[in-house]
Amino acid sequence: MSTNTPIAAPAKTSLASLREQMDLVVVGHVDHGKSTVIGRLLADTGSLPEGKLEKIKAQCARNARPFEYAFLLDALKNEQAQGITVDAARCFFNTAKRHYIINDAPGHIEFLKNMVTGAARAEAALLIIDAEEGIQENSKRHGYILSMLGIHQVSVVVNKMDLVDYSQEVFNNIRAEYLQFLNNLGVAPVSFIPVSGREGDNLTELSANTPWYTGKTVLGQVDAFETYKGDADRIFRMPVQDIYKFTASGDDRRIVAGTIETGTIRPGDEVIFQPSGKTSSIKTIEVFNAECPNSASAGQAVGFTLNTQIYIKPGELMCRKQETSPRVATRFRANIFWMGHSPLIAGKPYKLKLGATRVPVELVRILNVLDASELSSIADKNHVDRHDVAECLLETSRPVAFDLAEEIEKTARFVLVDNYEIAGCGIILDEEAASESLLAERVHQREMTWEKGFVTPGERAVRYGHPGKFILFAGQSAQVPELAKRLELKLFLDRFHTYYLSTGNVFDHLDQDDSAAVLTREDQIHRLGDLGRLMTDAGLLFITTLKDAEDFDLEKLKLLNEPNEAFVISVGDSNLNRFTPHLSLPADLDISEAIGLIIQELNKKGYLPEYSI
Amino acid sequence: MDQLEMLEAKSVHILREAYRDFKGLCMLWSIGKDSTVLLWLARKAFLGHVPFPLVHVDTAFKIPEMIEYRDRLALEWNLNMVVGQNKAALAAKQTFPDGNVDRLACCRNLKSEALKHTLSGEWPRVRMNHSLGRYEPDPSKEPYTGVIVGVRADEEGSRSKERYFSPRDRENDWNVDDQPPELWRQYKTDFAPGSHVRIHPLLDWTELNIWEYIHRESIPITSLYFDRGEGRRYRSLGCYPCTNGVESTAKNVEEIIEELRSGKFANIAERSGRAQDEADGGSLETLRREGYM
């Protein structure tokens, strides 16, 4: 034996190749027989654990209940008591072709959010309609939700054919009516299959009871669904889930982590992060316990190192620089399905989760509310109720990066969180121009209704020798607060009316009454903007600093400070892309020199008189 | 991507989401194959690191090799290992079969109760001191409010209803009728202060997937799962009084996979060797509602 034999890991190639996996969902109105169809499929494909069928049959016999295949799935006590599927229960089965995860989605309207959960996981759907009862409210609502969730492979299974004597006419009528409905949604079902879950017709073998039907069996249809493989060839999109640096464990890599939604990327590719607009290029694709691979594609959860040190945050969308840019906006039009106990209303803050972004959002207005079961518009509704579908205009408190549903649906999807709960889901239809915003409206309102004293700003400026001004330092450097304080001192000694406020004081010490709520960054910016408005109105040269200031923060502060003006000084490396500061200073500049330059610029702008008294 | 790659990517995404959103995060490590795969996935997600503590509830009835294996990996992989135990119940012999209670009560005492109070920080915990290579009292009494658990949907009925992010109330109760929606890689990650969440990254995995992945990744697994010449092996690990081995001559991972794919276990449920599942029709569900994993 060679002395070099490594400690043996098992050979990695000895196993037969692994199967493909597909998530399916089975949906439909309550009692139309979803669980029965699934139970029967499991039994007929030999996918049940040994003894399970016998055990349930014995239980039924003991309780003097007729056996039903649905009982196989109804594993929970309370569910069996109610006789309806409460949740999206998962089960597994294998065919020669692939491994399936079946999500049995409840048909009862009370459990629609569970249906959404089950359906959102799926690549394809079986939609069950009871031949005897025909198309019901949730047959339609579920059809609509499938289309909204982006599930394009739908097979309609017309169940309980035994109860209508396997009538071809009944089947054809249901098919015609439902096809019409789906066509209005832009959904083209792949097939309609007449079955009886109880009797097993057309599930795994074509049935002699329906000689007029020569299409696929349910099992044949399931194997005929296609797994979607095209995402790797589309343009590149990856929401940045997190940035890792495990320095304490002796690891100096700075890793950008996330799951790739679409596209393929390789070391050397130039990337751009939106909405910040920062750019870099891929240095390595990092993995644990293996060589760095030379590409990564859609569906993979990966980590990257970049060739340059840039400051980016979780929530940005990583894109390839040469490819079509995503939309970056604060306002967009979306279709929303609402699941919350309280209605969706305007003027209330919600949280938007889109990709890895989490950002406050408000409903600006409702454009249209649909009754999802009939797809008819409900006129003049000013709120969106539970189980409604609505087209809405939303506004986020800072820009977000996204695509439109018709372009890349994976990066057009979002959920809305109301008071800790996911209460709605939606897809973005279009971006809206940011010519107006809720914030601008509010500032306008504030100025219109502001009760003024008898002293005018002009009179104050004459008395003080200068108008009020908001002077803001933006920059990461530790010496920025020192610079701001020294500027205050210099202006004060020169007999100007000035006041320096540390942002730490605003964020940590004011608003103590609001102790329960942790202020979000948006709240903090808002607070600072309001203070700026007051201080400048009082005629002061108001000086403060903002670390990590981004374009949008400054635009917001500027707006909040209106009608007074803001003067922005950036120091050293900044996060700014679009926003041009009034003055940019290098980080290592001597403080007195910096103050000289600032005063010179303020003079030039006419914000200070040419020479001090 | 093949099935294992898809499962891996989803689990990694969920682990990263948990790490991003929860402060008091820990992972339960039962030493069994599932939670060891979970631990491996954490090392994948965080590129070789495990940035949260691993918590093990030691019932004192675990097979000794399990404890030895736990401490070996804890040192080798630089794991922040935390252990808790129901010392009072053990001292009072509120245990089965040597004590005064039945199987279910024993499970409740040594697992559910011990877990609840270890997670909350009310009962003493010990933590691995890596420089000394042994456990020391853990000075931290901080509660763990986000708990990553390696349950799989295929194990039994109640687990098939779980969410990836599953809220629990203060008493650890699970309200199966009113669970949050999960869609498009968006999970419930917003919680009122004081609430608890269980995170289940392995929900979509089957027993076979677990073994296929152990094989693909060469994950070290305790040898209790293999036949060591006695014609028996453990298929599922628990406490020795309540976990029976199965008759099997599978000596390595390949043979176990073969056994699950087409051999004698292709159609027999994994937990059939766990006595507490059978004690009354829905006992595991009862235990789970009370906080059992």
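What is the mean pLDDT of chain B, and what percentage of its residues reach 70 or more? Chain B has a mean pLDDT (the predictor's confidence in each residue, from 0 to 100) of 84, and 85% of its residues reach 70 or more. The model scores ipTM 0.89 and pTM 0.81. Where pLDDT is low, the predicted coordinates should not be read in detail.

This is a predicted model, in which local features need pLDDT of at least 70 and side-chain atom pairs count only at pLDDT 80 or more, while totals for chains, interfaces and linings use all residues. Residues are numbered from 1 along each chain as its sequence is written, and chains are lettered from A and ligands numbered from 1 in the order in which they are written.

**Stop 1: the sheet of chain B**

Select the strands of chain B. Helices (H or I, at least four residues) and strands (E, at least two) are DSSP runs, numbered from the N terminus. Eight strands form an open, mixed sheet in the order E5-E4-E3-E2-E1-E6-E8-E7; two strands count as paired if DSSP finds at least two bridges between them. Strand E5 (134-137) and strand E7 (165-168) are at the edges with a single partner strand each, so one side of each has no neighbour in the sheet. On average, neighbouring strands here are turned by 30° against each other, direction ignored; axes are lines fitted to C-alpha atoms, for helices over the stretch in contact, and angles run from 0 to 180 degrees between N-to-C directions.

Now select E3 (residues 81-84) of chain B. B:Met81 and B:Val83 point one way from this strand and B:Val82 and B:Gly84 the other way, and all are buried. Buried means 20 or more other C-beta atoms within 10 Å of the residue's own, exposed 12 or fewer, and partly exposed in between, with C-beta atoms placed from the backbone.

Strand E2 (residues 54-57) of chain B pairs with E3(B) in the parallel sense over four bridges, and B:Leu54 is opposite B:Met81. Add helix H3 (residues 64-76) of chain B: E2(B), H3 and E3(B) make a right-handed β-α-β unit. Right-handed here means that, with the strands pointing away from the viewer, the path from the first strand over the helix to the second runs clockwise.

On to strand E4 (residues 126-129) of chain B, which pairs with E3(B) in the antiparallel sense over two bridges; B:Val126 is the bridge partner of B:Val83. E4(B) and E5(B) are joined by four bridges, also in the antiparallel sense, and B:Met128 is opposite B:Tyr135.

Helix H5 (residues 103-120) of chain B packs on the sheet and touches E2, E3 and E6 of chain B, its direction making about 145° with that of E2(B). Contact means that the C-beta atoms of two residues, placed from the backbone, lie within 7 Å. Helix H2 (residues 33-45) of chain B lies across strand E1 (25-28), E2 and strand E6 (146-148), running at about 140° to E1(B).

Last in this chain, select B:His196 in strand E8 (residues 196-199). B:His196 counts as buried because it has 23 C-beta neighbours inside 10 Å.

**Stop 2: the sheet of chain A**

Seven strands of chain A form an open antiparallel sheet in the order E7-E15-E11-E12-E14-E9-E8. Its edge strands, E7 (237-239) and E8 (242-244), each pair on one side only. The average turn between neighbouring strands is 40°, direction ignored.

Select E11(A) with strand E15 (residues 317-320) of chain A; they pair in the antiparallel sense over four bridges, and A:Val271 is opposite A:Arg320. Then go to A:Pro275, in the loop between strand E11 (270-274) and strand E12 (278-286). A cis peptide bond with omega of about 10° joins A:Gln274 to A:Pro275.

**Stop 3: positive phi**

Most residues other than glycine have a negative phi, and most peptide bonds are trans. A:Lys160 has a positive phi, near 60°, and is in the loop between strand E5 (153-159) and helix H6 (168-185) of chain A. A:Lys160 is buried, with 22 other C-beta atoms within 10 Å.

A:Asn419 has a positive phi near 50°, in the loop between strand E23 (413-418) and strand E24 (421-431) of chain A. With 13 other C-beta atoms within 10 Å, A:Asn419 is partly exposed.

**Stop 4: the cores**

The largest nonpolar core has 180 residues, and those with the most contacts inside it include A:Leu24, A:Val157 and B:Met27. Such a core is a set of buried Ala, Val, Leu, Ile, Met, Phe, Trp, Tyr and Cys residues joined through C-beta atoms within 7 Å. Another core, of 31 residues, lies apart from it; among them are A:Leu541 and A:Phe542.
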